[in-house]
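Student: I'd like a close look at one part of this protein before I set anything up. Could you walk me through it once the structure is on screen?

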Amino acid sequence: MTYDIVSYGHPCLREKAKPIAQVDDAIRQLAGDMLETMRAYNGIGLAAEQIARTEAICVVDLSPADDRDGFDAADVVGVRMPLILVNPEVVAESDDEEIAQEGCLSFPEIYVDVRRPTSVTVRYLSQDNEVTEIRARGLLARAMQHEIDHLHGILISDRMPTTQKVTLAGKLKRMGRLGKKGGVVPRK
Ligand SMILES: [Zn+2]
């Protein structure tokens with residue numbers, strides 16, 4: 001089944017995710033539904049807060065992303081997509097940072113420049129309950145950091161440069177009002 005994705009302004013997007021003690025059938029079901037939802041909205045990542053849930057889980061799938069800016073197939077060699085990350089945390093990051101444009105399914109039609117470490121190591125619980133680490137750079141590193149931000153209640157609107165905050169103020173305000181009323185993002 002697919003969920004509705006909540007819009008910026010929805011209080012759930014500011015929640016801190018609760019760690020998952022163990023991956024069981026209910027969590028596997030949730031992960032499958034999140035993947036289905038992400039695909040229904042043509043996204044490459046989704047965090048539980050975006051479907052108004054508070055479990056610490058997010059999904060990433062870059063396999064449809066090969067024609068997007070910033071994607072380099074070499075960055076994901078040896079990584080099987082989709083990625084289902086339970087209790088993910090960044091345990092190491094590069095000193096190098098880069099700025100790139102990011103979108104978010106909870107902010108339709110908005111793209112902002114976000115500065116992030118170029119590469120990261122992420123530790124998470126696998127679907128078999130094994131503590132696993134993945135090292136990534138480029139778009140995959142960025143996508144994982146974006147989703148982990150969600151699990152801490154942090155959004156791209158918190159990371160955008162001041163100039164964009166000004167130019168997007170009206171749009172964000174309208175979107176925020178919709179989200180506050182429990183509004184969801186229209187499907188394409
Ligand atoms: Zn997002």
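Which residues are the protein donors of the zinc ion, and which atoms do they use?

Tutor: Keep in mind that this is a predicted model. The zinc ion takes its protein donors from Cys104 through SG, and from His146 and His150 through NE2 in each case. These atoms sit 2.0 to 2.2 Å from the metal. Along the sequence, the donor residues follow the spacing C-x41-H-x3-H. The x3 part is easy to place: His146 and His150 both belong to helix 2, residues 138-151, and lie 4 residues apart, about one turn of the helix. As for accessibility, His146 has a relative accessible area of 8%, so it counts as buried. His150 is buried too, at 1%.

Now stay on helix 2 and look at Asp149. The side chain of Asp149 forms a salt bridge with Arg116, at 3.0 Å from N to O. Arg116 is in strand 5 and Asp149 in helix 2, so this pair ties together parts 33 residues apart in sequence. Both partners are buried. Arg116 has another carboxylate to deal with, since its side chain also meets Glu102 in a salt bridge, at 2.7 Å from N to O. That second pair links strand 4 (residues 97-102), which holds Glu102, with strand 5 (residues 112-117), which holds Arg116, across 14 residues of sequence. In numbers, the relative accessible area is 5% for Glu102 and 3% for Arg116, so Glu102 is buried and Arg116 is buried. If you follow the charges further, you get a network of salt bridges that joins Glu102, Arg116, Arg142, Asp149 and Arg159.

Helix 2 also has a nonpolar side to its story. The largest nonpolar core has 22 residues, and the members that touch the most others are Val60, Leu62, Leu83, Val122, Ile134, Leu140 and Met144. Two or more residues each come from strand 2 (57-60), strand 3 (83-93), strand 6 (119-125), strand 7 (131-137) and helix 2. Helix 2 gives the most, with 7 residues. For a feel of the packing, take Met144: leaving out residues up to four places away in sequence, Met144 touches Val60, Leu83, Leu85, Val120, Val122, Ile134 and Ala136. Apart from this core there is another one, of 21 residues, including Tyr3, Met34, Leu46 and Val185.

Tyr3 gives you a handle on that other region, through Thr37. Thr37 is found in helix 1, and it is buried, with a relative accessible area of 0%. A polar atom of the Thr37 side chain lies 2.9 Å from the backbone nitrogen of Tyr3. Not counting residues up to four places away in sequence, Thr37 touches Met1, Thr2, Tyr3, Ile5, Leu46 and Ile51.

One last salt bridge makes a nice contrast with the buried ones. Arg187 and Asp4 meet through their side chains at 3.2 Å, N to O. Arg187 comes from the segment after helix 5 (169-180) and Asp4 from the segment before helix 1 (25-40), so the pair ties together parts 183 residues apart in sequence. Here Arg187 is partly exposed, at 37% relative accessible area, and Asp4 is partly exposed as well, at 41%. For the whole model, the count comes to 11 salt bridges.

Terms used
Residues numbered from 1 in each chain as written. Predicted model: local features only at pLDDT ≥ 70, side-chain atom pairs only at ≥ 80, totals over all residues. Heavy atoms only, no water. Donors = N, O, S within 2.8 Å, 3.2 Å for Na, K, Ca; no water. Buried < 20%, exposed > 50% of the residue type's maximum accessible area, 1.4 Å probe, protein only. Salt bridge = Lys/Arg side-chain N within 4 Å of Asp/Glu carboxyl O. Core = buried A, V, L, I, M, F, W, Y, C linked by side-chain atoms within 4.5 Å. Contact = heavy atoms within 4.5 Å. Polar contact = N/O pair within 3.5 Å; in protein donor to acceptor, adjacent residues only side chain to side chain.
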